Each structure stands twice: as C-alpha cells, then as structure tokens.
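Let's work through a protein model together, one small exercise at a time. Keep the sequence and the 3D view open while you read.

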Amino acid sequence: MKKLFLSLVTAGVLLSACNQTPGNASTAATTGDSTANKTAATTANAAIAPVMKFEKESHDFGKIKQGDKVSYDFKFINNGKSPLIITDAVASCGCTTPEWPKTPVKPGESGLIKVVFNSAGKTGLQDKQITITANTVPAQNMVHLIGEVLTK
C-alpha cells in the first residue's frame, strides 16, 4: 500500500513538472501564477525588438486609367535595438504585389517595401492593404495604397 501511494505521488509530481514551460517553471512553482513572468518576458523582448517606422503609412496614387500599373516605395527605418528581419509581405488582393528586403535591416538603417498595383479589371475607389510580418512587437505592420481607377 505504501509503495502504491508513493508511486502515485511520484507520477503526479512528474506530470505536473512536464506541464511547465521552460521559462516559467520556477516562478510558477513559487507564485502559482506564470502570467507575471510572461508579461515581463514580453516587455523585455519589446524593449530590444526592432521597430519598423514608415515615413508614410498610406499613399494615394490619385486617379488612373483601368489597366495601368502604379508602384510606390514605402520607405521605413529600423528604430529598434536589434536587426529587423521581414519574413513576409502580403497584399489584400492578388492585383497588388509587394517586394521587401530579404536581408536584415540593422538598427538605424532604412529599407523599402516596393508595392506594384495592377488596375486591370478594377474600377472605382481602391484601398489595398499590405501586411508586413517581421520580428517586431507586434509582429505585423500595415501600409495602404489607395486611389481611384477610371474606366477607359
């Protein structure tokens, strides 16, 4: 009976230890709450994370004829304390194509997100959102390309 009891206690301790995340195990054991640890880690990461600051977050290309292509370079600077790595840039529509730097942008340096909008098959007011995913806090930044497409 004694061996059964000790086996159950040991199994319980091992299972509860396996459910702890590596950074929170000691704090969770002493405080019973890992929320404070997660908040502190997020704040520390945000303090050293890259910061993507755009000169302009939207560009109005004005009025163009249907079928025209327009492009714009969204200039940004890394105002953070570590290199900025852009992993993806996605437009809200297949008619808009973003290109981004594939190499890290060092703190204090600038870069460009080149966006090309193809107005073929489009009419009226357009607002194309480009979502840039990077190692920033928060992980996504957005810019807009807006304008009006006139029929021929």
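Before we begin, here is a rule we will need: two strands pair if DSSP finds at least two bridges between them. The model you see is predicted.

**Exercise 1.** Find out how many helices and strands the protein chain holds, and in what pattern they follow each other.

*Solution.* Start by counting: the protein chain has three helices and eight strands. Next, read along the sequence, which gives the pattern α-α-α-β-β-β-β-β-β-β-β.

**Exercise 2.** Decide how strand 7 and strand 8 run relative to each other: parallel or antiparallel?

*Solution.* Recall first that strands of a sheet pair through backbone hydrogen bonds, either parallel or antiparallel. Now locate strand 7 at residues 124–134 and strand 8 at residues 140–150. These two run antiparallel, and ten bridges join them. For one example of facing residues, look at Thr 131, which stands opposite Met 142 in strand 8.

**Exercise 3.** Work out which strands stand at the edges of the open sheet of four strands.

*Solution.* Write down the strand order, 2-8-7-4, and note that the pairing is mixed. Strand 2 (58–65) and strand 4 (86–91) each have a single partner strand, so they stand at the edges, and one side of each is left without a neighbour in the sheet. As a last step, consider the twist: neighbouring strands of this sheet are turned by 20 degrees against each other on average, direction ignored.

**Exercise 4.** Is Thr 131 buried or exposed?

*Solution.* Place the residue first: Thr 131 lies in strand 7. Its relative accessible area is 16%, and the cut-off for buried is under 20%. Thr 131 is therefore buried. Then check its surroundings. Leaving aside neighbours within four places in sequence, Thr 131 is in contact with Asp 88, Ala 89 and Val 90, as well as Gln 140, Asn 141 and Met 142. For the wider view, buried residues make up 30% of the 152 residues in the protein chain.

**Exercise 5.** Look at the aromatic rings: what kind of pair do Tyr 72 and Phe 74 form?

*Solution.* The structure holds three aromatic pairs. One of them joins Tyr 72 and Phe 74, with 4.9 Å centre to centre and 80 degrees between the planes. Planes over 60 degrees apart count as edge-to-face, and that is the kind of pair found here. Both Tyr 72 and Phe 74 are buried. To finish, turn to another ring: the charged end of Lys 102 sits over the ring of Trp 100, 3.3 Å from its centre.

Methods
Residues numbered from 1 in each chain as written. Predicted model: local features only at pLDDT ≥ 70, side-chain atom pairs only at ≥ 80, totals over all residues. Heavy atoms only, no water. Axes fitted to C-alpha atoms, helices over the stretch in contact; angles between N-to-C directions. Phe/Tyr/Trp six-rings, centres within 6.5 Å; stacked < 30°, edge-to-face > 60°. Buried < 20%, exposed > 50% of the residue type's maximum accessible area, 1.4 Å probe, protein only. Lys NZ or Arg CZ within 6 Å of the ring centre and 35° of its normal. Contact = heavy atoms within 4.5 Å.
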